[in-house]
There are 2 protein chains.
Amino acid sequence: MTLIDNEARHHSRGRGRRPDAKNQKIGQLPFAQPQLTLEPSRIISDDQIETIHQRALDVLEEIGMDVLNKEAISLYAKAGAKVDGDRVRIGRDIVEEALKTPPSEFTFHARNPAHNIQIGGKWIAFAPVGGPPNCSDTDRGRRPGTLEDNANFIRLSQFFNCIHTAGGGSVDALDVHASVRHLHIMRNKVRLSDKILYTISTGRARLFDGMEIARMARGLTPEQFLKEPSCYTVINTNSPLKLDDPMGMGIIEMARHNQVVVCTPFTLAGAMAPVTIAGAIVEQNAEALAGLTLSQLANPGAPFVYGGFTSNVDMKSGAPAFGTPEYMKACIMGGQMARRYKLPYRTSNTNAANMVDAQAAYESVFSLWGAIMGGGNLIQHAAGWLEGGLVASYEKFALDADLLQMVMEFLKPLDFSEDALGLDAMREVGPGGHFFGAEHTQRRYLSAFYAPIISDWRNFAQWEASGSPQAWQKANEVWKRALAEYQQPPLDPAIAEEIDLFVARREKEGGEKTDF
Amino acid sequence: MTLIDNEARHHSRGRGRRPDAKNQKIGQLPFAQPQLTLEPSRIISDDQIETIHQRALDVLEEIGMDVLNKEAISLYAKAGAKVDGDRVRIGRDIVEEALKTPPSEFTFHARNPAHNIQIGGKWIAFAPVGGPPNCSDTDRGRRPGTLEDNANFIRLSQFFNCIHTAGGGSVDALDVHASVRHLHIMRNKVRLSDKILYTISTGRARLFDGMEIARMARGLTPEQFLKEPSCYTVINTNSPLKLDDPMGMGIIEMARHNQVVVCTPFTLAGAMAPVTIAGAIVEQNAEALAGLTLSQLANPGAPFVYGGFTSNVDMKSGAPAFGTPEYMKACIMGGQMARRYKLPYRTSNTNAANMVDAQAAYESVFSLWGAIMGGGNLIQHAAGWLEGGLVASYEKFALDADLLQMVMEFLKPLDFSEDALGLDAMREVGPGGHFFGAEHTQRRYLSAFYAPIISDWRNFAQWEASGSPQAWQKANEVWKRALAEYQQPPLDPAIAEEIDLFVARREKEGGEKTDF
């Protein structure tokens, strides 16, 4: 952290900043969950929603899924599915039955109750980027992630009020052995953040270790833990139509512990799914319903989030594309399906750019347009995702924080009081006047409008005189200041010690077995 | 053009391009108008719409407008408005009566009938940036506009199929004297484009010259011209609550000739309007209704477009801000008001960035989000606007063409055929396979997805090896190639000669009188 702190201090004396900028804190909205105050968009009719539902049931019943987890196969079989080796054909009646039990909305508990969130309904939550092996910033370039980078992204997720989870999967910690990496990351999440916890499910030990640390972080007994969703995992089916061993195990065990399963088929149209968006959504829907069914067979009523991640590929190169018109359509259709099932809906803020340029920004805002208007309840990768998810970018994180705040501000209900309608102000100013000095303006101007973190609204001459900075340069300043301003949240020393002892013991035991 | 052609050729040998890129045409969607296939968004209730309507009527009735055009005053007076010097207080009955006559949708005629457009209903039309005194590109920098720059923006507007008008006001031609500038620009529009014509109304001679050239361009008699909307003008009220002499004249004369008035109050909240968005919309609505009333008093049934341009200012500096959350809200509310009146709705694609960086992109896409979901029928400044409208940017024009195409593609109805639902493809591929080689994919992949103009989807290594180009660099290539690929549309030589003679005569007569 010392390096970064010094850089931040050094940089704040640099060009292009107002004289008082050095002592100015980053302007943030308070921690709060936005709500979708407008109607979610619809691009398909109710009849078409039913068609997708029925075709997805056809897929599960006729083609079926390859399921590699023994317990999953046995749960499906017990419910009446036809099993033929790995192939499991799930009758529509089984799925329809499973659709009756999951909650449409639930409270998701953080170790700091002030950071609890609601999942479902009109509620929106933003989670940071997850999954990249690499990270980048414009000072140090693109590089494999380390535990310290991973920790920095946890700090950024804690610092920015618009982020509702602790993150922790933003970039992999490749300097720690894979067998015990999850232990160190999970401990860092609890230490460095007091927001919602994520736990990986790519292995039984990893999953149980994660749940155990999530339980200890909140000081719960095992019985209490079963009653309160306190961590979540993302289950990516192996599209097309395959559920591998750890993913099957993950759904079952998380459901049994009443923890949150976010089941997200990664259905790139033209690669892992049909080349048409309608077809890719049928497949997405079939796989999500297979996951939902398994979770409810394991524990009826377990919290489950319908995930959508349908996008297209560049058919010339096979490269995945994000924030495209097809992506937007898929986001909105996914939301329509999730609402059909009264399930919370997960979607993402994506782009395929290689740096934080105009492309990164327009693909991101198109993604957010689709995700928000699609009725997304949990927006994953909301901050920091670059290169189609291959990189966690410090600069993109700072830029996204501004984009997310703008979305939150856009969704904030309008002040429609008589005073806001402004007739007195217009009477005061009259035709041909101006409102700068009006009493109405003076009384309200300080908080009247959203003050952006990144946008540079200086005129051209001022901007040019300060070196013509681009938005990514401002973003570079902002993440450094964010890490400098970041404060570690308090943690009960007894809990900290309990987790330390647990991590030490599990490390000694070898963590998750790996073959390397 | 020679300079530009050479540059384009030179540049096409440069770095960062595929070997065959030199001969590759810019990928465009065919000329077509998109439709808003989803429901427009609503952020205020029907009751709140009525409240804004009533408060706007209160403003017009009680405070009134300062009207500086004598004929406008007399038209308002004859309808029963109370006149006190310049102040005109317009009773709600007068406005309600005027609201009965304008068309909710009409055909707008271009000199090439294939480029006619519909204004109103679900139809969307994109017009290029208008108004800036300066232009810029990254080769030649920022500079005052010339007639040649003006012509280049007409060429770009003609070239890009996603642009539905000839533009021609994209950048002022400061190298031509203001008295005759309009003649040269208008002639260029007819010569270089066959799309919808705009005419300026900042002076009686300019307006009548513009209408006359628009009439000649389509080979119409004066009587025919009165029957078919063939040009439009934008009337900016002098907010707050003032209508100056040329603007009053413009509304009256355009309406009398059955030409299109786009009445757009420029109500920056905190400067020319109350500091609240609700208040600014009340004022916008009052001024738009005053314009509507005048147009219908001059000629009941004349085509009229309700314009909204409410945004906020940076309350620290007074600088106008665009593409903000407040701007998005105003776009959507403006659309709700326009639909309340069954009037076509004009809005804009804006940003306040100083270069084509991430800020320019995210403010633009947020603008488009508000404009499109707000139900905008005519999106002005759709391509090329930078610096809050002080600059017409060649690079931004190319970038916006991509953004507009993406919006059009997003709005395109989904293929929902049985084949598109993809069950056969899923049967063919089966669990765990991939769709690249599937027959379904092979049959469809060439046209399956939108192919972007600007986005760079190469992987990081390829992108870095080609010099890490940013989106604005690609945009720089694209506008040059667009000008190189541009083809002047055919024009009947008799019409060309008639217009030449008219311009020569009017030039000799002195054009519009100026005092400099």
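# Strands, helices and cysteines in a predicted model

Cys231(B), Thr233(B) and Ile235(B) point one way from strand 10 of chain B, Tyr232(B) and Val234(B) point the other way, and all are buried. The model is a predicted one. In a regular strand the side chains alternate between the two faces of the sheet. Strand 10 of chain B spans residues 231-235 and is mostly covered, with five of its five residues buried.

## The seven-stranded sheet of chain B

Strand 10 belongs to an open sheet of seven strands in chain B, with the order 6-17-16-14-12-10-9 and parallel pairing. The edges of this sheet are strand 6 (125-126) and strand 9 of chain B, and each of them pairs on one side only. Strands of a sheet pair through backbone hydrogen bonds, either parallel or antiparallel.

Three of the pairings in chain B are listed here, each with one pair of facing residues.

| Strands of chain B | Sense | Bridges | Facing residues |
|---|---|---|---|
| 9 (residues 197-198) and 10 | parallel | two | Leu197(B) and Cys231(B) |
| 10 and 12 (residues 260-263) | parallel | four | Tyr232(B) and Val260(B) |
| 6 and 17 (residues 378-380) | parallel | two | Phe126(B) and Ile379(B) |

Strand 10 of chain B thus has strand 9 as one partner and strand 12 as another.

## A four-stranded sheet in chain A

Chain A has an open sheet of four strands in the order 8-7-19-18, and its pairing is mixed. Strand 8 (141-144) and strand 18 (385-386) of chain A stand at the edges with a single partner strand each, so one side of each has no neighbour in the sheet. Further in, strand 7 (residues 134-137) and strand 19 (residues 391-393) of chain A are joined in the parallel sense by three bridges. Within this pair, Cys135(A) has Ala392(A) of strand 19 as its bridge partner.

## Helices 13 and 18

In chain A, helix 13 (residues 394-411) packs against helix 18 (residues 471-485) at an angle of about 90°, and their axes are 8 Å apart. The two helices of chain A are therefore roughly perpendicular to each other. From helix 13 of chain A, the contact takes in Tyr394(A), Glu395(A), Ala398(A) and Leu399(A). On the side of helix 18 of chain A are Ala471(A), Trp472(A), Ala475(A), Asn476(A), Val478(A), Trp479(A) and Leu483(A). By class, this contact has nine nonpolar residues, one polar and one charged.

In chain B, helix 18 also covers residues 471-485, and Ala471(B) lies in it. Ala471(B) counts as buried, with 4% relative accessibility. Leaving aside residues up to four places away in sequence, Ala471(B) touches Leu399(B) and Ile454(B), together with Asp357(A), Ala358(A) and Gln359(A). Pro274(B) is 197 residues from Ala471(B) along the chain, and the C-alpha atoms of the two are separated by 37 Å.

## Cysteines

How many disulfides does a search of the whole structure find? The search finds zero over all chains. Cys263(A) is in no disulfide, and the nearest cysteine sulfur, that of Cys231(A), is 16 Å away. Cys263(A) is buried, at 0% relative accessibility. In chain B, the closest cysteine sulfur to that of Cys331(B) is in Cys263(B), 17 Å away, which is too far for a bond. Cys331(B) is buried too, with a relative accessible area of 3%. A disulfide is a covalent bond between the sulfur atoms of two cysteines.

Methods. Residues numbered from 1 in each chain as written. Chains lettered and ligands numbered in written order. Predicted model: local features only at pLDDT ≥ 70, side-chain atom pairs only at ≥ 80, totals over all residues. Heavy atoms only, no water. Pairing = 2+ DSSP bridges. Disulfide = S-S within 2.5 Å. Buried < 20%, exposed > 50% of the residue type's maximum accessible area, 1.4 Å probe, protein only. Axes fitted to C-alpha atoms, helices over the stretch in contact; angles between N-to-C directions. Parallel < 35°, antiparallel > 145°, perpendicular 65-115°, else oblique. Contact = heavy atoms within 4.5 Å. Nonpolar A, V, L, I, M, F, W, Y, C, P; charged D, E, K, R; others polar.
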